[in-house]
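Pull the model up on your screen and keep the sequence handy. We'll take a walk through it one piece at a time.

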Amino acid sequence: MSQLHEQPSVDQIWEWLDAVPDPEIPVISLVDLGIIRGVDWQEDTLVVSVTPTYSGCPATAIINLDIETALRDHGLNKIQLKTQIAPAWTTDWMSEKGRARLEEFGIAPPQAAGGPERCPNCKSTNVTRVSQFGSTPCKAHWRCQDCLEPFDYFKCI
Amino acid sequence: MAAPLTQDEALFQFLLRMGDNTLILGHRVSEWCGHAPVLEEDIALANTALDLIGQTQMWLGLAGEVQGEDKSADDLAFLRDVWDFRNVLLVEVPNEDFGRTLMRQFLFDAWHSIQLGHLMKSSDERISAIAAKTSKEVAYHLERSADTVVGLGDGTEESHGYMQSALDYLWPYVGEMFASDEVDAAMVKAGIAPDPASLRADYDALIGRVLAEATLNIPDSGFAHKGGRNGKMHTEHLGHLLTQMQWLQRAYPGASW
(Lines give C-alpha, C1' and ligand atoms only; values in the text may rest on other atoms or scores of the structure.)
Protein backbone atom coordinates (compact mmCIF):
# COMPACT_ATOMS: atom_id res chain seq x y z
CA MET A 1 0.00 0.00 0.00
CA SER A 2 1.44 3.33 -0.99
CA GLN A 3 0.55 6.89 -0.14
CA LEU A 4 -0.23 8.96 -3.24
CA HIS A 5 1.01 12.48 -3.67
CA GLU A 6 -1.18 13.36 -6.64
CA GLN A 7 -4.85 12.74 -7.19
CA PRO A 8 -5.29 9.93 -9.73
CA SER A 9 -7.58 10.88 -12.61
CA VAL A 10 -11.18 9.75 -12.72
CA ASP A 11 -10.34 7.63 -15.80
CA GLN A 12 -7.61 5.90 -13.83
CA ILE A 13 -10.06 5.11 -11.04
CA TRP A 14 -12.61 3.67 -13.48
CA GLU A 15 -9.83 1.43 -14.75
CA TRP A 16 -9.03 0.27 -11.22
CA LEU A 17 -12.67 -0.42 -10.52
CA ASP A 18 -12.95 -2.39 -13.76
CA ALA A 19 -10.45 -4.80 -12.21
CA VAL A 20 -12.70 -5.48 -9.18
CA PRO A 21 -14.66 -8.69 -9.80
CA ASP A 22 -18.30 -9.15 -8.92
CA PRO A 23 -18.19 -11.32 -5.76
CA GLU A 24 -20.81 -13.78 -7.02
CA ILE A 25 -19.95 -13.85 -10.72
CA PRO A 26 -16.20 -13.15 -10.67
CA VAL A 27 -15.76 -13.31 -14.47
CA ILE A 28 -17.28 -9.84 -14.79
CA SER A 29 -16.22 -6.64 -13.07
CA LEU A 30 -18.33 -4.25 -11.05
CA VAL A 31 -18.02 -1.79 -13.95
CA ASP A 32 -19.21 -4.45 -16.43
CA LEU A 33 -22.22 -5.05 -14.22
CA GLY A 34 -23.15 -1.37 -14.53
CA ILE A 35 -23.52 -0.71 -10.82
CA ILE A 36 -20.83 1.98 -10.54
CA ARG A 37 -22.82 5.09 -11.43
CA GLY A 38 -20.31 7.80 -10.71
CA VAL A 39 -16.72 8.50 -9.72
CA ASP A 40 -16.03 12.09 -8.65
CA TRP A 41 -13.47 13.98 -6.70
CA GLN A 42 -15.00 16.31 -4.15
CA GLU A 43 -11.94 18.24 -3.01
CA ASP A 44 -9.69 15.56 -1.53
CA THR A 45 -12.42 12.92 -1.12
CA LEU A 46 -13.27 10.40 -3.80
CA VAL A 47 -17.02 9.82 -4.04
CA VAL A 48 -18.10 6.57 -5.68
CA SER A 49 -21.82 6.13 -6.38
CA VAL A 50 -23.00 2.54 -6.38
CA THR A 51 -26.48 1.36 -7.30
CA PRO A 52 -27.76 -1.93 -5.86
CA THR A 53 -28.84 -4.69 -8.24
CA TYR A 54 -31.66 -6.46 -6.38
CA SER A 55 -32.98 -4.91 -3.15
CA GLY A 56 -32.12 -7.95 -1.08
CA CYS A 57 -28.92 -8.98 -2.82
CA PRO A 58 -26.57 -10.13 -0.05
CA ALA A 59 -23.57 -9.27 -2.24
CA THR A 60 -24.21 -5.53 -1.85
CA ALA A 61 -22.28 -5.20 1.42
CA ILE A 62 -19.37 -7.25 0.04
CA ILE A 63 -19.31 -5.13 -3.12
CA ASN A 64 -18.91 -1.95 -1.06
CA LEU A 65 -16.14 -3.56 0.96
CA ASP A 66 -14.38 -4.75 -2.23
CA ILE A 67 -14.51 -1.27 -3.77
CA GLU A 68 -13.08 0.29 -0.67
CA THR A 69 -10.34 -2.34 -0.34
CA ALA A 70 -9.32 -1.98 -4.01
CA LEU A 71 -9.10 1.79 -3.81
CA ARG A 72 -7.16 1.69 -0.56
CA ASP A 73 -4.73 -0.77 -2.14
CA HIS A 74 -4.11 1.90 -4.79
CA GLY A 75 -3.25 4.36 -2.05
CA LEU A 76 -6.51 6.26 -1.69
CA ASN A 77 -7.57 7.04 1.86
CA LYS A 78 -10.49 9.41 1.70
CA ILE A 79 -13.25 7.46 0.04
CA GLN A 80 -16.97 7.95 0.35
CA LEU A 81 -19.38 5.32 -1.01
CA LYS A 82 -22.81 6.58 -1.91
CA THR A 83 -25.75 4.26 -2.45
CA GLN A 84 -27.83 5.57 -5.31
CA ILE A 85 -31.20 3.90 -5.87
CA ALA A 86 -32.60 6.21 -8.58
CA PRO A 87 -32.58 5.65 -11.47
CA ALA A 88 -33.03 1.97 -10.67
CA TRP A 89 -30.37 -0.43 -11.93
CA THR A 90 -31.15 -2.15 -15.20
CA THR A 91 -29.34 -4.94 -17.05
CA ASP A 92 -29.19 -2.51 -20.02
CA TRP A 93 -26.22 -0.99 -18.19
CA MET A 94 -24.19 -4.16 -18.50
CA SER A 95 -21.16 -3.73 -20.79
CA GLU A 96 -20.70 -5.67 -24.05
CA LYS A 97 -17.49 -7.07 -22.59
CA GLY A 98 -19.45 -8.22 -19.54
CA ARG A 99 -22.13 -9.88 -21.65
CA ALA A 100 -19.54 -11.76 -23.69
CA ARG A 101 -17.71 -12.92 -20.56
CA LEU A 102 -20.93 -14.15 -18.99
CA GLU A 103 -21.63 -16.34 -21.99
CA GLU A 104 -18.07 -17.71 -22.05
CA PHE A 105 -18.51 -18.57 -18.38
CA GLY A 106 -21.75 -20.46 -19.12
CA ILE A 107 -24.31 -17.85 -18.05
CA ALA A 108 -26.67 -16.65 -20.79
CA PRO A 109 -26.65 -12.82 -20.85
CA PRO A 110 -29.91 -10.87 -20.36
CA GLN A 111 -32.18 -10.35 -23.37
CA ALA A 112 -35.04 -7.89 -23.74
CA ALA A 113 -37.24 -10.77 -24.94
CA GLY A 114 -37.18 -12.09 -21.36
CA GLY A 115 -35.32 -15.34 -21.97
CA PRO A 116 -31.89 -16.46 -23.21
CA GLU A 117 -31.10 -16.16 -26.90
CA ARG A 118 -29.28 -19.49 -26.95
CA CYS A 119 -27.60 -22.14 -24.87
CA PRO A 120 -24.25 -20.76 -23.66
CA ASN A 121 -22.66 -24.18 -24.13
CA CYS A 122 -23.74 -25.57 -27.53
CA LYS A 123 -25.41 -22.35 -28.83
CA SER A 124 -28.68 -24.12 -29.64
CA THR A 125 -31.77 -21.89 -29.52
CA ASN A 126 -33.89 -24.84 -28.38
CA VAL A 127 -33.99 -23.89 -24.69
CA THR A 128 -36.62 -24.13 -21.97
CA ARG A 129 -37.14 -22.52 -18.59
CA VAL A 130 -36.79 -24.68 -15.48
CA SER A 131 -37.46 -21.97 -12.90
CA GLN A 132 -37.94 -18.20 -12.84
CA PHE A 133 -35.35 -18.04 -10.07
CA GLY A 134 -31.86 -19.44 -9.70
CA SER A 135 -28.74 -19.55 -7.58
CA THR A 136 -28.64 -15.76 -7.03
CA PRO A 137 -31.38 -13.08 -7.17
CA CYS A 138 -30.17 -11.94 -10.61
CA LYS A 139 -30.46 -15.31 -12.33
CA ALA A 140 -33.09 -17.79 -13.54
CA HIS A 141 -32.62 -21.48 -14.28
CA TRP A 142 -32.90 -22.78 -17.86
CA ARG A 143 -32.04 -25.96 -19.76
CA CYS A 144 -30.89 -26.71 -23.28
CA GLN A 145 -33.11 -29.23 -25.06
CA ASP A 146 -30.32 -30.27 -27.42
CA CYS A 147 -27.21 -30.72 -25.27
CA LEU A 148 -29.45 -31.22 -22.20
CA GLU A 149 -27.18 -29.06 -20.02
CA PRO A 150 -28.88 -26.88 -17.42
CA PHE A 151 -27.58 -23.31 -17.32
CA ASP A 152 -28.09 -19.98 -15.58
CA TYR A 153 -29.73 -17.06 -17.37
CA PHE A 154 -29.03 -13.53 -16.17
CA LYS A 155 -32.53 -12.03 -15.80
CA CYS A 156 -33.36 -8.92 -17.78
CA ILE A 157 -34.67 -6.09 -15.60
CA MET B 1 -59.95 13.18 21.26
CA ALA B 2 -56.34 12.75 20.21
CA ALA B 3 -54.60 15.58 18.39
CA PRO B 4 -54.59 15.20 14.59
CA LEU B 5 -51.48 13.63 13.10
CA THR B 6 -48.73 15.92 11.89
CA GLN B 7 -47.59 15.37 8.30
CA ASP B 8 -44.42 13.58 9.44
CA GLU B 9 -46.36 11.33 11.81
CA ALA B 10 -48.71 10.37 8.99
CA LEU B 11 -45.78 9.77 6.62
CA PHE B 12 -44.09 7.62 9.27
CA GLN B 13 -47.24 5.50 9.61
CA PHE B 14 -47.51 5.17 5.84
CA LEU B 15 -43.88 4.01 5.58
CA LEU B 16 -44.38 1.50 8.40
CA ARG B 17 -47.33 0.07 6.50
CA MET B 18 -45.21 -0.41 3.38
CA GLY B 19 -42.20 -1.78 5.25
CA ASP B 20 -44.11 -3.98 7.68
CA ASN B 21 -46.01 -5.60 4.81
CA THR B 22 -42.78 -6.56 3.07
CA LEU B 23 -41.04 -7.51 6.33
CA ILE B 24 -43.74 -9.81 7.65
CA LEU B 25 -44.49 -11.40 4.29
CA GLY B 26 -40.75 -11.78 3.66
CA HIS B 27 -40.38 -13.57 6.98
CA ARG B 28 -43.37 -15.81 6.33
CA VAL B 29 -42.13 -16.79 2.89
CA SER B 30 -38.64 -17.44 4.28
CA GLU B 31 -40.17 -20.09 6.57
CA TRP B 32 -40.34 -22.29 3.46
CA CYS B 33 -36.57 -22.27 3.03
CA GLY B 34 -35.54 -25.92 2.98
CA HIS B 35 -39.15 -27.18 3.07
CA ALA B 36 -40.67 -26.44 -0.34
CA PRO B 37 -42.11 -29.31 -2.42
CA VAL B 38 -39.32 -29.19 -5.03
CA LEU B 39 -35.91 -27.55 -5.16
CA GLU B 40 -36.88 -24.95 -7.80
CA GLU B 41 -39.79 -23.78 -5.67
CA ASP B 42 -37.59 -23.65 -2.61
CA ILE B 43 -35.16 -21.37 -4.42
CA ALA B 44 -37.95 -19.25 -5.84
CA LEU B 45 -39.55 -18.73 -2.43
CA ALA B 46 -36.22 -17.92 -0.80
CA ASN B 47 -35.43 -15.39 -3.54
CA THR B 48 -38.85 -13.78 -3.19
CA ALA B 49 -38.35 -13.51 0.57
CA LEU B 50 -34.93 -11.98 -0.01
CA ASP B 51 -36.35 -9.31 -2.34
CA LEU B 52 -39.06 -8.47 0.19
CA ILE B 53 -36.61 -8.15 3.06
CA GLY B 54 -34.33 -5.99 0.92
CA GLN B 55 -37.29 -3.75 0.13
CA THR B 56 -38.04 -3.58 3.85
CA GLN B 57 -34.62 -2.09 4.48
CA MET B 58 -35.48 0.81 2.19
CA TRP B 59 -38.99 1.41 3.54
CA LEU B 60 -38.10 1.06 7.21
CA GLY B 61 -34.82 2.91 6.68
CA LEU B 62 -36.77 5.88 5.37
CA ALA B 63 -39.36 5.46 8.15
CA GLY B 64 -36.56 5.75 10.72
CA GLU B 65 -35.29 8.91 9.02
CA VAL B 66 -38.75 10.50 9.01
CA GLN B 67 -39.35 9.51 12.62
CA GLY B 68 -36.18 11.36 13.61
CA GLU B 69 -35.41 9.27 16.69
CA ASP B 70 -32.17 7.88 15.29
CA LYS B 71 -33.65 4.43 14.64
CA SER B 72 -32.35 2.15 11.90
CA ALA B 73 -34.41 -0.24 9.79
CA ASP B 74 -33.11 -3.04 12.03
CA ASP B 75 -34.23 -1.22 15.19
CA LEU B 76 -37.73 -0.87 13.76
CA ALA B 77 -37.85 -4.48 12.58
CA PHE B 78 -36.50 -6.15 15.69
CA LEU B 79 -37.35 -3.91 18.61
CA ARG B 80 -41.05 -3.16 18.17
CA ASP B 81 -43.80 -5.31 19.62
CA VAL B 82 -47.02 -6.51 18.01
CA TRP B 83 -49.05 -3.36 18.65
CA ASP B 84 -46.57 -1.18 16.77
CA PHE B 85 -46.71 -3.21 13.55
CA ARG B 86 -48.75 -1.77 10.67
CA ASN B 87 -48.87 -4.64 8.16
CA VAL B 88 -52.16 -5.88 6.79
CA LEU B 89 -53.45 -9.08 8.39
CA LEU B 90 -53.17 -10.96 5.08
CA VAL B 91 -49.36 -11.15 5.29
CA GLU B 92 -49.23 -12.51 8.84
CA VAL B 93 -51.55 -15.50 8.42
CA PRO B 94 -49.62 -18.77 8.58
CA ASN B 95 -48.35 -20.45 5.41
CA GLU B 96 -50.45 -23.59 5.99
CA ASP B 97 -49.72 -25.39 2.70
CA PHE B 98 -47.91 -24.49 -0.52
CA GLY B 99 -51.20 -23.61 -2.23
CA ARG B 100 -52.24 -21.15 0.43
CA THR B 101 -48.76 -19.61 0.48
CA LEU B 102 -48.86 -18.98 -3.27
CA MET B 103 -52.45 -17.73 -3.20
CA ARG B 104 -51.52 -15.27 -0.43
CA GLN B 105 -48.50 -14.20 -2.47
CA PHE B 106 -50.66 -13.63 -5.53
CA LEU B 107 -53.32 -11.65 -3.65
CA PHE B 108 -50.58 -9.48 -2.14
CA ASP B 109 -48.41 -9.16 -5.28
CA ALA B 110 -51.40 -7.92 -7.29
CA TRP B 111 -52.07 -5.12 -4.76
CA HIS B 112 -48.34 -4.42 -4.34
CA SER B 113 -47.69 -3.99 -8.07
CA ILE B 114 -50.64 -1.59 -8.48
CA GLN B 115 -49.66 0.39 -5.38
CA LEU B 116 -46.02 0.73 -6.51
CA GLY B 117 -47.16 1.86 -9.97
CA HIS B 118 -48.86 4.81 -8.26
CA LEU B 119 -45.99 5.44 -5.84
CA MET B 120 -43.59 5.82 -8.77
CA LYS B 121 -45.41 9.12 -9.34
CA SER B 122 -45.19 10.16 -5.67
CA SER B 123 -44.46 13.81 -4.89
CA ASP B 124 -41.83 12.54 -2.43
CA GLU B 125 -38.71 11.68 -4.45
CA ARG B 126 -37.44 9.24 -1.85
CA ILE B 127 -40.65 7.24 -2.19
CA SER B 128 -40.79 7.36 -5.99
CA ALA B 129 -37.17 6.12 -6.08
CA ILE B 130 -37.93 3.12 -3.85
CA ALA B 131 -41.08 2.38 -5.84
CA ALA B 132 -39.23 2.47 -9.18
CA LYS B 133 -36.60 0.11 -7.84
CA THR B 134 -38.93 -2.36 -6.14
CA SER B 135 -41.67 -2.41 -8.78
CA LYS B 136 -39.36 -4.30 -11.13
CA GLU B 137 -38.92 -7.06 -8.57
CA VAL B 138 -42.60 -7.11 -7.71
CA ALA B 139 -43.61 -7.42 -11.38
CA TYR B 140 -41.50 -10.57 -11.43
CA HIS B 141 -43.11 -11.89 -8.22
CA LEU B 142 -46.57 -11.29 -9.68
CA GLU B 143 -45.73 -13.07 -12.91
CA ARG B 144 -44.65 -16.12 -10.97
CA SER B 145 -47.42 -16.18 -8.36
CA ALA B 146 -50.10 -15.62 -11.03
CA ASP B 147 -48.65 -18.42 -13.21
CA THR B 148 -48.57 -20.76 -10.23
CA VAL B 149 -52.12 -19.93 -9.18
CA VAL B 150 -53.29 -20.72 -12.74
CA GLY B 151 -51.17 -23.88 -12.91
CA LEU B 152 -52.47 -25.25 -9.64
CA GLY B 153 -56.04 -23.91 -9.90
CA ASP B 154 -56.49 -25.28 -13.40
CA GLY B 155 -54.48 -28.38 -12.53
CA THR B 156 -55.59 -31.65 -11.01
CA GLU B 157 -58.76 -32.08 -8.99
CA GLU B 158 -56.64 -32.17 -5.85
CA SER B 159 -54.58 -29.05 -6.61
CA HIS B 160 -57.76 -27.22 -7.64
CA GLY B 161 -59.33 -28.12 -4.29
CA TYR B 162 -56.34 -26.76 -2.38
CA MET B 163 -56.38 -23.49 -4.33
CA GLN B 164 -60.11 -22.94 -3.96
CA SER B 165 -59.94 -23.53 -0.22
CA ALA B 166 -56.94 -21.18 -0.02
CA LEU B 167 -58.90 -18.47 -1.82
CA ASP B 168 -61.95 -19.06 0.41
CA TYR B 169 -59.78 -18.76 3.52
CA LEU B 170 -57.82 -15.70 2.40
CA TRP B 171 -60.59 -13.73 0.72
CA PRO B 172 -61.78 -12.03 3.95
CA TYR B 173 -58.24 -10.62 4.34
CA VAL B 174 -58.24 -8.88 0.95
CA GLY B 175 -60.51 -5.95 1.82
CA GLU B 176 -58.13 -4.45 4.39
CA MET B 177 -55.65 -3.50 1.65
CA PHE B 178 -58.24 -1.02 0.34
CA ALA B 179 -59.33 0.56 3.63
CA SER B 180 -58.68 4.29 4.01
CA ASP B 181 -58.14 6.38 7.13
CA GLU B 182 -56.65 9.73 8.20
CA VAL B 183 -53.12 8.57 7.37
CA ASP B 184 -54.18 7.86 3.79
CA ALA B 185 -56.05 11.16 3.58
CA ALA B 186 -52.87 13.02 4.56
CA MET B 187 -50.86 11.07 1.95
CA VAL B 188 -53.41 11.80 -0.78
CA LYS B 189 -53.49 15.50 0.12
CA ALA B 190 -49.69 15.76 -0.14
CA GLY B 191 -49.61 13.80 -3.42
CA ILE B 192 -47.45 11.14 -1.76
CA ALA B 193 -49.64 8.07 -2.19
CA PRO B 194 -53.00 7.14 -3.72
CA ASP B 195 -56.19 6.54 -1.75
CA PRO B 196 -56.18 2.76 -1.18
CA ALA B 197 -59.86 2.55 -2.07
CA SER B 198 -59.08 3.95 -5.52
CA LEU B 199 -56.96 0.88 -6.38
CA ARG B 200 -59.79 -1.60 -5.96
CA ALA B 201 -61.19 -1.52 -9.50
CA ASP B 202 -57.77 -2.23 -11.07
CA TYR B 203 -57.17 -4.93 -8.49
CA ASP B 204 -60.49 -6.65 -9.09
CA ALA B 205 -59.88 -6.60 -12.84
CA LEU B 206 -56.39 -8.09 -12.45
CA ILE B 207 -57.24 -10.86 -10.02
CA GLY B 208 -60.56 -11.51 -11.82
CA ARG B 209 -58.68 -12.34 -15.03
CA VAL B 210 -56.16 -14.62 -13.33
CA LEU B 211 -58.63 -16.42 -11.05
CA ALA B 212 -61.00 -17.04 -13.98
CA GLU B 213 -58.13 -18.59 -15.92
CA ALA B 214 -57.35 -20.64 -12.83
CA THR B 215 -61.00 -21.86 -12.83
CA LEU B 216 -61.41 -20.59 -9.26
CA ASN B 217 -64.48 -18.88 -7.84
CA ILE B 218 -64.14 -15.62 -5.95
CA PRO B 219 -66.28 -15.91 -2.79
CA ASP B 220 -69.41 -13.82 -2.85
CA SER B 221 -68.65 -11.83 0.30
CA GLY B 222 -67.43 -8.34 1.00
CA PHE B 223 -66.59 -9.03 4.66
CA ALA B 224 -63.09 -7.89 5.60
CA HIS B 225 -61.02 -8.59 8.70
CA LYS B 226 -59.28 -5.36 9.68
CA GLY B 227 -56.96 -4.01 12.35
CA GLY B 228 -53.47 -4.73 11.00
CA ARG B 229 -52.63 -1.59 9.02
CA ASN B 230 -53.87 0.70 11.78
CA GLY B 231 -52.49 -1.53 14.56
CA LYS B 232 -55.83 -1.82 16.39
CA MET B 233 -55.85 -5.60 16.43
CA HIS B 234 -53.48 -8.06 14.82
CA THR B 235 -54.23 -11.77 14.61
CA GLU B 236 -52.74 -14.05 17.26
CA HIS B 237 -50.28 -15.25 14.61
CA LEU B 238 -48.15 -12.10 14.52
CA GLY B 239 -46.91 -12.49 18.09
CA HIS B 240 -45.78 -16.04 17.38
CA LEU B 241 -44.01 -14.88 14.24
CA LEU B 242 -42.20 -12.12 16.15
CA THR B 243 -40.94 -14.53 18.80
CA GLN B 244 -38.99 -16.26 16.04
CA MET B 245 -38.02 -13.22 13.99
CA GLN B 246 -36.89 -11.12 16.94
CA TRP B 247 -35.53 -13.64 19.41
CA LEU B 248 -31.87 -12.95 18.74
CA GLN B 249 -32.10 -9.20 19.34
CA ARG B 250 -34.33 -9.85 22.35
CA ALA B 251 -31.94 -12.41 23.86
CA TYR B 252 -28.72 -10.59 22.94
CA PRO B 253 -29.61 -6.89 22.58
CA GLY B 254 -27.37 -5.05 20.13
CA ALA B 255 -25.76 -8.24 18.77
CA SER B 256 -24.28 -7.72 15.33
CA TRP B 257 -21.95 -9.49 12.90
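What follows goes from the overall layout of chain A, to its contact with chain B, to some helix packing in chain B, and then to a few individual residues.

Before you start, bear in mind that this is a predicted model. Begin with chain A, which has 157 residues, 35% of them buried. Its C-alpha trace spans about 60 × 25 × 20 Å along the principal axes. In secondary structure terms, you'll find four helices and seven strands. If you trace chain A from start to end, the order is α-α-β-β-α-β-α-β-β-β-β. Now look at which residues pair up in space. Of the contacts in chain A with a separation of 6 or more, 53% join residues that sit 24 or more positions apart.

Chain A also splits into domains: domain 1 covers 10-89, and domain 2 covers 94-154. Taken over C-alpha atoms, the centres of domain 1 and domain 2 of chain A are 26 Å apart. The two do touch, with 12 residues of domain 1 and 11 residues of domain 2 taking part in the contact. On the domain 1 side, the residues that touch domain 2 come out as seven nonpolar, three polar and two charged.

Next, bring chain B into view. Where the chains meet, 15 residues of chain A are in contact with 18 residues of chain B. Which helices of chain B each supply at least two residues to that side? They are α2 (39-67) and α5 (125-153) of chain B. The largest share comes from α2(B), with 10 residues. By class, the side of chain B that touches chain A is made up of eight nonpolar, four polar and six charged residues.

Stay with chain B and find helix α4, residues 98-119. One of its packing partners is helix α8 of chain B, residues 200-213; the two axes come within 10 Å and cross at roughly 135°. Angles over 145 degrees would count as roughly antiparallel, and 65 to 115 as roughly perpendicular, so α4(B) and α8(B) are classed as oblique. The crossing of these two helices, α4(B) and α8(B), is right-handed. On the α4(B) side the contact uses L107(B), A110(B), W111(B) and I114(B), and they meet D202(B), Y203(B), L206(B) and I207(B) of α8(B). Sort the residues of this contact between α4(B) and α8(B) by class and you get seven nonpolar, no polar and one charged.

Helix α4(B) also packs against helix α6 of chain B, residues 157-170, at an angle of about 50° and with the axes 9 Å apart. This pair, α4(B) and α6(B), is therefore oblique too. The crossing of α4(B) with α6(B) is right-handed. From α4(B), the residues involved are G99(B), R100(B), M103(B), R104(B) and L107(B). Facing them from α6(B) are S159(B), Y162(B), M163(B), A166(B), L167(B), Y169(B) and L170(B). The contact of α4(B) with α6(B) has eight nonpolar, two polar and two charged residues. Notice L107(B), which appears in the contact with α8(B) and again in the contact with α6(B).

Now for some backbone details. In chain A, the peptide bond from A86(A) to P87(A) is cis, with omega near -5°. Look for P87(A) in the loop between β3 (79-83) and α4 (96-105) of chain A.

E43(A) is not a glycine, yet its phi is positive, at about 55°. You'll find E43(A) in the loop between β1 (36-42) and β2 (45-50) of chain A. Is E43(A) buried or exposed? It counts as exposed, because it has 6 C-beta neighbours inside 10 Å. Chain B offers another case: T215(B), also a residue other than glycine, has a positive phi near 55°. T215(B) is in the loop between α8 and α9 (236-245) of chain B. With 13 C-beta neighbours inside 10 Å, T215(B) counts as partly exposed.

Finish at V130(A), in strand β5 (residues 127-131) of chain A. V130(A) has 16 other C-beta atoms within 10 Å, so it is partly exposed. Leaving aside residues up to four places away in sequence, V130(A) touches H141(A), W142(A), R143(A), P150(A) and, over in chain B, E40(B). From V130(A) to A140(A) is 10 residues in sequence, and their C-alpha atoms are 8.1 Å apart in space.

Terms used: Residues are numbered from 1 along each chain as its sequence is written. Chains are lettered from A and ligands numbered from 1 in the order in which they are written. This is a predicted model: local features need pLDDT of at least 70, side-chain atom pairs count only at pLDDT 80 or more; totals for chains, interfaces and linings use all residues. Domain bounds come from an automatic or database domain assignment. Two residues are in contact if their C-beta atoms, placed from the backbone, lie within 7 Å. Ala, Val, Leu, Ile, Met, Phe, Trp, Tyr, Cys and Pro count as nonpolar, Asp, Glu, Lys and Arg as charged, and the others, Gly among them, as polar. A residue is buried if 20 or more other C-beta atoms lie within 10 Å of its own, exposed if 12 or fewer, and partly exposed in between; C-beta atoms are placed from the backbone. Axes are lines fitted to C-alpha atoms, for helices over the stretch in contact, and angles run from 0 to 180 degrees between N-to-C directions. Angles under 35 degrees count as roughly parallel, over 145 as roughly antiparallel, 65 to 115 as roughly perpendicular and the rest as oblique. A crossing is left-handed if the near helix is turned anticlockwise from the far one by less than a right angle, and right-handed if clockwise.
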